Amino acid sequence: MPYLIKGELTNTIWDNVTLKSTPAQSVKADKEGYAFIGTYGRREMKTDKSERFLSKDQTLCWPEDNGNPDYKLLKGMRAYYVVPTDVQAAKVMFQGEATGIAPIVSISQAEDVKIYNLNGQLMNGSLNDLPKGIYIINGHKIIKK
């Protein structure tokens with residue numbers, strides 16, 4: 001399932017991420033002709049403006065020949081958008097509250113808290129006993145490094 005992660009992260013390394021051998025999926029919009037498609041490997045994008053990538057300013061751009069022979073190659077573990085070719089300008093709009101990881105939240109060991117993993121399973125023990133990963137405690141996402 002493709003996900004769009006937006007943030008100020010640079011040189012991020014995701015530890016303990018397991019990929020399953022399932023086909024890459026896509027998210028289709030209500031309107032005909034729009035989709036968000038995930039990929040595992042490198043992919044050559046179409047140059048007819050029907051396949052677009054997200055730029056830093058949240059604009060959907062199509063690959064244009066810039067003299068680099070790889071100009072239309074999308075790196076692996078990415079996603080791209082399918083947009084009707086007659087749409088000249090398209091942009092991604094973020095609505096609502098993001099479910100990102102907030103700044104550090106202090107949790108006292110004396111607090112009676114329930115710890116859940118990202119699958120929603122209740123974890124036994126304290127945060128100190130758990131392996132590195134992302135957990136949900138009192139509605140906050142917590143990264144244990």
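## An all-strand predicted chain

Four strands, in the order S9-S8-S10-S11, make up an open sheet whose pairing is antiparallel, where strands (E, at least two residues) and helices (H or I, at least four) are DSSP runs numbered from the N terminus, and where two strands pair if DSSP finds at least two bridges between them. Strand S9 (122-123) and strand S11 (140-144) are the edge strands, each of them pairing on one side only. The model is predicted, so local features need pLDDT of at least 70 and side-chain atom pairs count only at pLDDT 80 or more, whereas totals for chains, interfaces and linings use all residues. Residues are numbered from 1 along each chain as its sequence is written, and side-chain values use heavy atoms, with hydrogens and water left out.

### The chain as a whole

The protein chain contains eleven strands and zero helices. Of its 145 residues, 19% are buried, a class that requires under 20% relative accessible area, with exposed meaning over 50% and partly exposed lying in between (1.4 Å probe, protein chains only). The chain exposes about 11500 Å², of which carbon and sulfur atoms supply 51%; accessible areas come from the Shrake-Rupley method with a 1.4 Å probe, and for residues only the protein chains shown count as cover. Among contacts (heavy atoms within 4.5 Å) with a separation of 6 or more, 53% link residues that are 24 or more positions apart.

### Asn 117 and the pairing of S8 with S10

Within the open sheet, S8 and strand S10 (residues 133-137) pair in the antiparallel sense over three bridges. Asn 117, which belongs to strand S8 (residues 115-117), stands opposite Tyr 135 in S10. Not counting residues up to four places away in sequence, Asn 117 touches Met 123, Ile 134, Tyr 135 and Ile 136. Its side chain also reaches the backbone nitrogen of Asn 119 at 2.9 Å. The relative accessibility of Asn 117 is 14%, so this residue counts as buried.

### Strand S7, its partners and the aromatic pair

Strand S7 (79-82) follows the loop that begins after strand S6 (73-74), and S7 pairs with two strands described here. Strand S2 (residues 35-38) is joined to S7 by four bridges, and the two run antiparallel; Gly 38 has Ala 79 as its bridge partner in S7. S4 pairs with S7 over two bridges, also in the antiparallel sense, and there Glu 51 has Val 82 as its bridge partner.

A search of the whole structure finds one aromatic pair, the criterion being that rings of Phe, Tyr and Trp (its six-membered ring) have centres within 6.5 Å, with planes under 30 degrees apart counted as stacked, over 60 as edge-to-face and the rest as tilted. The rings of Phe 36 and Tyr 81 have centres 4.7 Å apart and planes at 35°, so the pair is tilted. Because Phe 36 lies in strand S2 and Tyr 81 in strand S7, the pair ties together parts that are 45 residues apart in sequence.

### Nonpolar cores

A nonpolar core is a set of buried Ala, Val, Leu, Ile, Met, Phe, Trp, Tyr and Cys residues joined through side-chain atoms within 4.5 Å. The largest has seven residues, namely Phe 36, Leu 60, Tyr 81, Val 83, Val 87, Ala 90 and Val 92. Apart from it lies another core, of six residues, which include Leu 127, Leu 130, Tyr 135 and Ile 142. Leaving aside neighbours within four places in sequence, Tyr 81 is in contact with several residues, among them Leu 4, Phe 36, Arg 52, Leu 60 and Val 92.

Val 87 lies in the loop between S7 and S8 and, not counting residues up to four places away in sequence, touches Tyr 34 and Arg 52. The C-alpha atoms of Val 87 and Lys 49 are separated by 8.5 Å, although these residues are 38 residues apart along the chain.

| Residue | Relative accessibility | Class |
|---|---|---|
| Phe 36 | 13% | buried |
| Tyr 81 | 12% | buried |
| Val 87 | 18% | buried |
| Lys 49 | 27% | partly exposed |
| Met 77 | 47% | partly exposed |

### Positive phi in two loops

Lys 49 is placed in the loop between strand S3 (43-44) and strand S4 (51-54), and its phi is near 75°, a positive value in a residue other than glycine. Met 77, in the loop between S6 and S7, likewise is not a glycine, yet has a positive phi of about 65°.

How values were computed. Polar contact = N/O pair within 3.5 Å; in protein donor to acceptor, adjacent residues only side chain to side chain.
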